[in-house]
Amino acid sequence: MVFYTLLLLFFTDLFMLYRTQNGIFAKRHAPDCLSNSDDNELGVYIENWYPFNINVGIIDEIPFQFQKRNIWFKTDLKPQQRKSINYTLRPTKRGEYSFGDIRVFVASPLGLIRRRYNFGHGEVLPVYPSFLQMRKYELMAISNNLSEVGIKKIRRLGHSLEFEQVKSYVQGDDYRSINWKATARRGSLMTNSYTDEKAQHVYCIIEKSRAMKMPFDGLSLLDYAINASLVLSKIALLKEDRAGLITAAEKIGAVIPADRGNAQINKILEVLYKEKTRYLEVNMELLYSTVRSVIKQRSLVVFFTNYESMYALERQLPYLKRINKFHLLLVVFFENTELKKVSEQPAGDVEGIYIKTVAEKFAYDKKLIVKELAKYNIQSILTTPQNLTVNTVNRYLEIKARQKI
């Protein structure tokens with residue numbers, strides 16, 4: 001008797017689930033592209049077309065690059081109910097990511113069997129450099145809230161070369177800017193208004209050699225440099241400067257002359273999307289000749305690279321001095337955070353003492369590199385990867401405020 005009852009329930013469940021040809025609908029909600037190193041929100045939209053409550057299990061086949069096997073969601077749906085299930089993915093490499101199907105497993109209130117639905121929503125999404133980070137900085141720059149992400153407010157020294165207008169004096173204006181002739185004519189205090197000098201050229205030069213392949217928190221140093229370059233270019237454009245880009249390894253990669261048109265940031269984004277590290281060292285002689293031929297006027301040149309020893313710097317120093325002769329050169333390189341941790345840990349044995357000594361030697365070399373560059377009046381930033389963007393933008397704003405370009 002129990003057997004026949006179970007058999008009846010089984011066929012009843014089978015009939016309930018399969019009598020409707022399409023009992024459910026699902027699709028993936030995804031942006032047109034993903035932002036590298038950021039949490040990107042995706043989702044699965046689902047509708048219940050059955051006339052009864054259902055229990056649903058959903059598998060979204062995400063790209064293999066994420067190495068996740070837990071994109072499995074469970075939910076309950078009433079008749080005609082719609083629901084969106086959201087989740088986030090954080091890519092750590094640029095390129096194309098292939099999504100597979102959405103597989104939905106449906107059970108009726110009896111719960112004896114499950115019916116599987118496949119929704120063919122396979123798609124390929126590109127992963128671009130961190131445009132979400134760029135937009136965050138852009139919005140904060142527009143609203144004058146960059147201090148929220150660590151950007152310092154730097155007082156402008158003196159006046160730029162560009163006079164804007166004569167306006168009525170308001171409390172807080174620099175009294176040294178009072179226009180006494182205009183004040184005498186109007187009978188009230190008038191002051192000269194100045195703007196930052198515009199149309200200065202800001203070039204990001206990104207080294208793509210094997211030195212930039214070192215990983216940190218899932219990203220390569222090249223990706224950190226790319227994300228920082230994108231933000232710096234956008235901030236420069238907002239400041240009405242001209243932004244340009246050069247990438248280099250054993251040969252020159254992309255070259256984008258400095259401009260401030262509306263399409264400039266998209267050109268830079270498209271180029272940076274395709275850049276990859278190479279296994280040969282950067283050809284500094286070729287890079288120098290490219291800088292001389294492409295950058296015609298004095299510019300701020302931000303060179304993203306990585307030095308692990310004084311010897312690495314010494315090979316490039318002659319070319320850096322030449323570039324700095326014609327432009328304001330800012331060399332940006334990275335602290336080795338893993339070695340720094342080792343150097344700060346106490347040593348418990350002879351081997352530990354040896355490792356600690358070597359780590360301290362490398363850390364000391366980094367500081368010597370900063371001093372060596374300063375000896376030749378070359379500015380530099382030694383930074384951790386996670387602070388790269390903030391430190392680079394801070395230095396750019398400082399240079400601009402002090403009118404050093």
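These legends describe close-up views of a predicted model.

**View 1. Salt bridges of R103.** The side chain of R103 meets that of E61 in a salt bridge, with N and O 2.6 Å apart. This contact links distant parts of the chain, the two residues being 42 residues apart. R103 belongs to strand 8 (residues 102-107), whereas E61 is in the loop between strand 4 (54-60) and strand 5 (72-77). E61 is partly exposed, with a relative accessible area of 28%. R103 also forms a salt bridge with D101, where the closest N and O atoms are 3.9 Å apart. The D101 pair counts because the cut-off for a salt bridge is 4 Å. D101 is partly exposed as well, at a relative accessible area of 23%.

**View 2. The E372 and K375 pair in helix 9.** E372 and K375 form a salt bridge whose closest N and O atoms are 3.2 Å apart. Both residues lie in helix 9 (residues 350-375), 3 residues apart, so about one helical turn separates them. An α-helix has 3.6 residues a turn, so residues three or four places apart point the same way. The two partners differ in accessibility: E372 counts as buried at 17%, whereas K375 counts as exposed at 57%. E372 is called buried because its value is under 20%, and K375 is called exposed because its value is over 50%.

**View 3. A salt-bridge network.** Salt bridges link R28, D60 and E123 in a network. The count for the model comes to 16 salt bridges.

**View 4. A nonpolar surface patch.** V2, F3, Y4, L6, L7, L9, F10, F11, L110 and L112 make a nonpolar patch of about 970 Å² on the surface. One of these residues, L6, lies in helix 1 (residues 2-18).

**View 5. The kink in helix 7.** Helix 7 (residues 310-326) has a kink of about 50 degrees at Q316. The kink lies shortly before the proline P318. At 1.5 Å a residue, the 17 residues of helix 7 should span 24 Å, and the end C-alpha atoms are 24 Å apart, which agrees. Q316 itself is buried, and the other buried residues of helix 7 are M310, A312, L313, L317, Y319, L320, I323 and N324.

Definitions and conventions. Residues numbered from 1 in each chain as written. Predicted model: local features only at pLDDT ≥ 70, side-chain atom pairs only at ≥ 80, totals over all residues. Heavy atoms only, no water. Helix = DSSP H or I, 4+ residues; strand = E, 2+ residues; numbered from the N terminus. Buried < 20%, exposed > 50% of the residue type's maximum accessible area, 1.4 Å probe, protein only. Patch = residues over 30% accessible without salt bridge, like charges linked within 9 Å, V, L, I, M, F, W, Y side chains within 5 Å. Areas by Shrake-Rupley, 256 points an atom, 1.4 Å probe, with all protein chains shown as cover. Expected span 1.5 Å × (residues − 1). Bend = angle between axes of the 7 residues up to and from the residue.
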